[in-house]
Amino acid sequence: MYVTHRWLFVWMVTQEQFLTTAFVTVAFSIAVAFVVLAAATRNCVVAGASVLVMCGVVSVVIGMCVLLGWQLGTIESVAITVLVGLSVDYLAHIAFAYAESDAADASQRVE
């Protein structure tokens, strides 16, 4: 006979909410970051490239958490959300500097 405790069921629902909330927050944050970067740089290509880099950073960090066998808890859920903010902060400075560069072509802008 299989018997569960009520608090285990509640914890399972909480874990599902952590997962759902983490991914919805990441998607929303990346969408807002694209709009802000597009407005700041006035260049959708630079904003799109920045969003691709942010998606890569988030994917690598989540992948490492899975490889290390970490369970998604309260701290990890919040950390994933904060991760997008930290990556967009760094990328915003780089994207803005690239967009505002006086160089003639793209290869000179990255030097």
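Cys 44 makes a handy starting point for a tour of this predicted model: with a relative accessible area of 53%, the residue counts as exposed, because exposed residues are those with over 50%. Cys 44 belongs to helix H2. Once its neighbours within four places in sequence are set aside, Cys 44 is in contact with Phe 34 and Ala 38. The C-alpha atoms of Cys 44 and Phe 34 are 8.3 Å apart, while the two residues are 10 apart in sequence.

From this residue, the view can be widened to the whole chain. The protein contains 4 helices and 0 strands, and reading along the sequence gives the pattern α-α-α-α. Helix H1 covers residues 6-41 and helix H4 covers residues 106-109, whereas helix H2 runs over 44-67 and helix H3 over 74-99. Of the 111 residues, 23% count as buried. The surface exposed by the protein comes to about 7,900 Å², and carbon and sulfur atoms supply 72% of that area. Among contacts with a sequence separation of 6 or more, 63% are made by residues 24 or more positions apart.

Helix H3 can be checked against its expected length. At 1.5 Å a residue, its 26 residues should span 38 Å, and the C-alpha atoms at its ends are indeed 38 Å apart, so the two values agree. The buried residues of H3 are Ser 77, Ile 80, Leu 83, Val 84, Ser 87, Val 88, Leu 91, Ala 95 and Ala 99. Ser 77, which lies in this helix, has a relative accessibility of 8% and therefore counts as buried. Leaving out residues up to four places away in sequence, Ser 77 touches Phe 18, Ala 22 and Leu 72.

Leu 72 also features in a pairing with helix H1. Glu 16 is found in H1, and its C-alpha atom is separated by 9.3 Å from that of Leu 72, although their positions lie 56 residues apart along the chain as a sequence separation. Glu 16 is partly exposed, at a relative accessible area of 45%.

Further along helix H1 comes Thr 41. Is this residue buried or exposed? Its relative accessible area is 5%, so Thr 41 is buried. A polar atom of the Thr 41 side chain lies 2.6 Å from the backbone oxygen of Leu 37. Apart from neighbours within four places in sequence, Thr 41 is in contact with Val 46, Ala 95, Phe 96 and Ala 99. Two of these partners, Ala 95 and Ala 99, are listed among the buried residues of H3.

Next in the tour is Arg 42, found in the loop between H1 and H2. Its phi angle is near 55 degrees, a positive value in a residue other than glycine. Arg 42 has a relative accessible area of 62%, and therefore is exposed.

How many salt bridges does a search of the whole structure find? The search finds 1, and Arg 42 takes part: its side chain meets that of Glu 100 at 3.0 Å, N to O. Glu 100 lies in the loop between H3 and H4, and Arg 42 in the loop between H1 and H2, so the pair ties together parts that are 58 residues apart in sequence. Glu 100, at 36% relative accessibility, counts as partly exposed.

The surface also carries a nonpolar patch. Which residues make this nonpolar surface patch? The contributors are Val 60, Met 64, Leu 67, Leu 68 and Trp 70, and together they form a patch of about 580 Å². Leu 68 lies in the loop between helix H2 and helix H3. With 52% relative accessibility, Leu 68 counts as exposed, because that term applies over 50%.

In short, the predicted model is a protein of 4 helices and 0 strands. Its salt bridge joins Glu 100 and Arg 42, and a nonpolar patch of about 580 Å² includes Leu 68.

Key:
Residues numbered from 1 in each chain as written. Predicted model: local features only at pLDDT ≥ 70, side-chain atom pairs only at ≥ 80, totals over all residues. Heavy atoms only, no water. Patch = residues over 30% accessible without salt bridge, like charges linked within 9 Å, V, L, I, M, F, W, Y side chains within 5 Å. Areas by Shrake-Rupley, 256 points an atom, 1.4 Å probe, with all protein chains shown as cover. Salt bridge = Lys/Arg side-chain N within 4 Å of Asp/Glu carboxyl O. Helix = DSSP H or I, 4+ residues; strand = E, 2+ residues; numbered from the N terminus. Buried < 20%, exposed > 50% of the residue type's maximum accessible area, 1.4 Å probe, protein only. Contact = heavy atoms within 4.5 Å. Expected span 1.5 Å × (residues − 1). Polar contact = N/O pair within 3.5 Å; in protein donor to acceptor, adjacent residues only side chain to side chain.
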